[in-house]
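Thanks for sharing this one. Here are some notes from my read-through, as numbered points you can check against the viewer.

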Amino acid sequence: MKILFGAISILILIHVLRIDFTEGTIPTRAEIVEQQPCQEVDGTSSIPITSIQGDTIESLFALYPEPEMSFIDRLEMFYTLNPHLERQSIVSGDKILLPIKLSTEDKCEELIP
């Protein structure tokens, strides 16, 4: 009888340890952290707006100013975001993307060993 209880307790202990190693609190191996290279952020984005009657590119740029970009650069980005407006005027109710410049941040994270 002692041998039977000893064998059952050993099997339960092995089972608990196996589950603990595979799913539980004791990790089976150290996690390897790979260092990500730094990514440069372009910093240009766009905001969607809906045009109304009488809107022009100049009036939209005046409503949503961008002091860090020149007018020519912003106009070039405007036409790359809205290629359908190269040959037509702005129509009321049209969805338009206006380019804006986001603050450039470094996407580098210090990894804790």
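1. Let me begin with Ser92, which sits in the loop between H3 and E2. Its relative accessibility is 42%, so Ser92 counts as partly exposed. The contact to look at is with Ile52: the two are 40 residues apart in sequence, yet their C-alpha atoms are 4.5 Å apart in space. Please keep in mind that this is a predicted model, for this pair and for everything below.

2. For orientation, the protein chain has three helices and two strands. Read from the N terminus, the order of elements is α-β-α-α-β. Of the 113 residues in the protein chain, 17% are buried.

3. Which residues make up the largest nonpolar core? There are nine of them: Ile49, Ile57, Leu60, Phe61, Phe78, Leu85, Ile90, Ile96 and Leu98. Two elements, H2 and strand E2 (95-101), each give two or more residues to this core. H2 supplies the largest share, with three residues. As background, nonpolar side chains in soluble globular proteins tend to be buried together.

4. Leu60 is a handy core residue to click on. It belongs to helix H2, and its relative accessibility is 1%, under the 20% limit, so Leu60 is classed as buried. Ile49, also listed in the core, is eleven residues from Leu60 along the chain, and the C-alpha atoms of the two are separated by 9.3 Å.

5. Now the rings. How many aromatic pairs does the ring-centre rule give? The count is three. In one of them, Phe61 and Phe71, the ring centres are 5.6 Å apart and the planes meet at 75°; an angle over 60 degrees counts as edge-to-face, so this pair falls in that class. The pair joins distant parts of the chain, with Phe61 in helix H2 (residues 57-63) and Phe71 in helix H3 (residues 71-81), ten residues apart.

6. Are the partners in that pair buried or exposed? Phe61 has 8% relative accessibility and therefore counts as buried. Phe71, at 41%, counts as partly exposed.

7. Phe61 also pairs with Phe78, again edge-to-face, at 5.9 Å centre to centre and with 90° between the planes. This pair likewise links distant parts of the chain: Phe61 is in helix H2 and Phe78 in helix H3, 17 residues apart. Phe78 has 0% relative accessibility, so it counts as buried. Both Phe61 and Phe78 appear in the core of point 3.

8. Taken together, Phe61, Phe71, Phe78 and Tyr79 form one aromatic cluster. Do look at Arg74 as well: Arg74 lies over the face of Phe61, 4.4 Å from the ring centre.

9. Finally, the surface. Which residues form a nonpolar patch there? They are Met1, Leu4, Phe5, Ile8, Ile12 and Val16, and together they have about 640 Å² of accessible area. One of them, Ile8, has its place in helix H1 (residues 2-23). With a relative accessible area of 39%, Ile8 lies between the 20% and 50% limits and so is partly exposed.

10. If you have time for two residues, I would suggest Phe61 and Ile8. Phe61 belongs to the largest nonpolar core and to the aromatic cluster, and has Arg74 over its face. Ile8, by contrast, is part of the nonpolar patch on the surface.

Definitions and conventions: Residues are numbered from 1 along each chain as its sequence is written. This is a predicted model: local features need pLDDT of at least 70, side-chain atom pairs count only at pLDDT 80 or more; totals for chains, interfaces and linings use all residues. Side-chain values use heavy atoms; hydrogens and water are left out. Rings of Phe, Tyr and Trp (its six-membered ring) pair if their centres lie within 6.5 Å; planes under 30 degrees apart count as stacked, over 60 as edge-to-face and the rest as tilted. Helices (H or I, at least four residues) and strands (E, at least two) are DSSP runs, numbered from the N terminus. Buried means under 20% relative accessible area, exposed over 50%, partly exposed in between (1.4 Å probe, protein chains only). A charge sits over a ring if NZ of Lys or CZ of Arg is within 6 Å of the ring centre and within 35 degrees of the ring normal. Patches are made of residues with over 30% relative accessible area and no salt bridge: like charges are joined within 9 Å, nonpolar side chains (Val, Leu, Ile, Met, Phe, Trp, Tyr) within 5 Å. Accessible areas come from the Shrake-Rupley method with a 1.4 Å probe; for residues, only the protein chains shown count as cover. A salt bridge is a side-chain nitrogen of Lys or Arg within 4 Å of a carboxyl oxygen of Asp or Glu. A nonpolar core is a set of buried Ala, Val, Leu, Ile, Met, Phe, Trp, Tyr and Cys residues joined through side-chain atoms within 4.5 Å.
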